[in-house]
Amino acid sequence: MVATLLASAPEVQQIAAEIKEMKIRGAGEIARSAVQALLITAKTSKANTTDELIRDLDATAKLLLNTRPTAVSLPNGIRYVMHRITSASRDGSVENLRAVAVNSAEDFIANSRLAIKKIGEIGSKRIVDGDKILTHCNSSAALEIMKQAWKQGKKFEVTATETRPRLQGRLTAKELGDVGIPVRMILDDAARFFMNRIDKVLVGADAITANGALVNKIGTSLIALAAHEARTRVFVAAETYKFSPETMIGELIEIEDRDPSEVIAPDDLKRMQNTTVRNPAFDVTPPEYLDLIITEKGIIPPQAAVLMIQEQYGSFSSEELGQYHVVHLLEQE
Ligand code: RUB
């Protein structure tokens, strides 16, 4: 068994390490990279039987599932491929099953990129001349909306929070600034200070729960709270593979706790008596603080998240979810 896995190990291990170290980051890119790891495994596995190939793919899936816990896109992307493999016939040749794996992985990656473009098309209609938009962290889906709106000739400006501790706000400012959009970067703590001058908050998602709550970069819920107080609308850009089927059956989304050294240098911390550090990477914004979710299938109110999950996954048990028995996800009509 080890012999069949070794061939794909280095590249796959590298993808897993880069997700963990956040060299690969953002929920969409994490999912595409995890699926890419399955694709590499399918192409390079030395498996002689369909069972051996499934075992190799399953080992890669498990490795990837243990990288970052919060982005639901990751297990959903893996399920997209694994469901198609495990429901394909095992009686056929290993080459046929390899082709199923490669095609499903390629489909997921292509459809997920297409989903971002569609979100850009749909969401850009909600941006009007003169808008002052606030965004948090660095979401490719949220940025696509702003980039497409700018391309259409709309004139607006963006306030980007710096996003402590990893400063993804700088990536956002660079990306938007490079296409000509005027960006003002602010401290995360200044969001409420500026909120009265903001027309729309636009953020991405790591996960959407069945009750329509948003799991996104730490600080999103405080920004939504400030927006609620100022009667500023909050828009979420989320591909449908960010919706969590687990939450339909009462599971909670795990919030990643990252290393304290991202917040304070270990030597500085050592000098502080009786002090510990917590560094949750994400938080939960309840649906009451969100106005709408922009998906590639259209705009929905957060309360309709449950219908979106039902439409995509049908009904299922927790055992079925665990065994990749999930259907329809991201399938194009
Ligand atoms: C990134 C983050 C993004 C979502 C959506 O967190 O919170 O808002 O992942 O991104 P991190 P996208 O930097 O810790 O991964 O729209 O690109 O999927």
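Q: In this predicted model, how far is an oxygen atom of the ligand from an N or O atom in the side chain of S139?
A: Let's start with the ligand and one serine beside it. S139 is among the residues that come nearest to the ligand. Its side chain has an N or O atom whose distance to a ligand oxygen is 2.7 Å.

Q: And which distance separates an oxygen atom of the ligand from an N or O atom in the side chain of R25?
A: R25 is also on the list of residues that come nearest, along with S140, N216 and K217. Again the pair is a ligand oxygen and a side-chain N or O atom, and for R25 the distance is 2.5 Å.

Q: Which residue has a polar side-chain atom 2.9 Å from an oxygen atom of the ligand?
A: Here we're after one more side chain that reaches a ligand oxygen. The polar atom at 2.9 Å belongs to K242.

Q: How much of the ligand's area does the protein bury?
A: Picture the ligand on its own to begin with: it would expose 460 Å². Put it back in the protein, and the buried part of that area is 99%.

Q: Where does the ligand lie with respect to domain 1 and domain 2?
A: There are 18 residues around the ligand, and helices α3 and α7 plus strand β6 each supply at least two of them. Domain 1 (2–116) gives residues to this shell, and domain 2 (119–313) does too. Because both contribute, the ligand lies between them.

Q: How many residues of the shell around the ligand are charged?
A: Sort the shell by class and you get six nonpolar and seven polar residues. The rest of the split is the charged group, which numbers five.

Q: What is the volume of the largest cavity?
A: Rolling a probe the size of a water molecule over the atoms shows where empty space is left. The structure holds one cavity of 30 Å³ or more. The largest cavity comes out at about 50 Å³.

Q: Which residue is joined to P165 by a cis peptide bond?
A: P165 helps line the largest cavity, and it sits in the loop between β2 (157–161) and α8 (168–178). The bond in question has an omega of about 0 degrees. The partner of P165 in that bond is R164.

Q: Which element gives the most to the lining of the second largest pocket?
A: This pocket holds about 320 Å³ of space, and 16 residues line it. Two elements give two or more residues to that lining, α9 (191–195) and α10 (220–229). The one that gives the most, with five residues, is α10.

Q: Which residue in the loop between α10 and β7 has a positive phi?
A: Let's follow the chain into the loop between α10 and β7 (233–237). A residue there that isn't glycine has a phi near 55 degrees, a positive value. That residue is R231.

Methods
Residues are numbered from 1 along each chain as its sequence is written. This is a predicted model: local features need pLDDT of at least 70, side-chain atom pairs count only at pLDDT 80 or more; totals for chains, interfaces and linings use all residues. Side-chain values use heavy atoms; hydrogens and water are left out. A residue is near a molecule or strand if one of its heavy atoms lies within 4 Å of it. A polar contact is a pair of N or O atoms within 3.5 Å; within protein, one must be able to donate a hydrogen and the other to accept it, and residues adjacent in sequence count only if both atoms are side-chain atoms. Accessible areas come from the Shrake-Rupley method with a 1.4 Å probe; for residues, only the protein chains shown count as cover. Helices (H or I, at least four residues) and strands (E, at least two) are DSSP runs, numbered from the N terminus. Ala, Val, Leu, Ile, Met, Phe, Trp, Tyr, Cys and Pro count as nonpolar, Asp, Glu, Lys and Arg as charged, and the others, Gly among them, as polar. Domain bounds come from an automatic or database domain assignment. On a 1 Å grid over the protein atoms alone, a cavity is a set of points where a 1.4 Å probe fits but cannot get out, and a pocket is an open set with protein on both sides within 12 Å along at least five of seven lines; lining residues have an atom within 4 Å of a point. Grid points are joined across faces, edges and corners, and a volume is the space filled by probe spheres set on the points.
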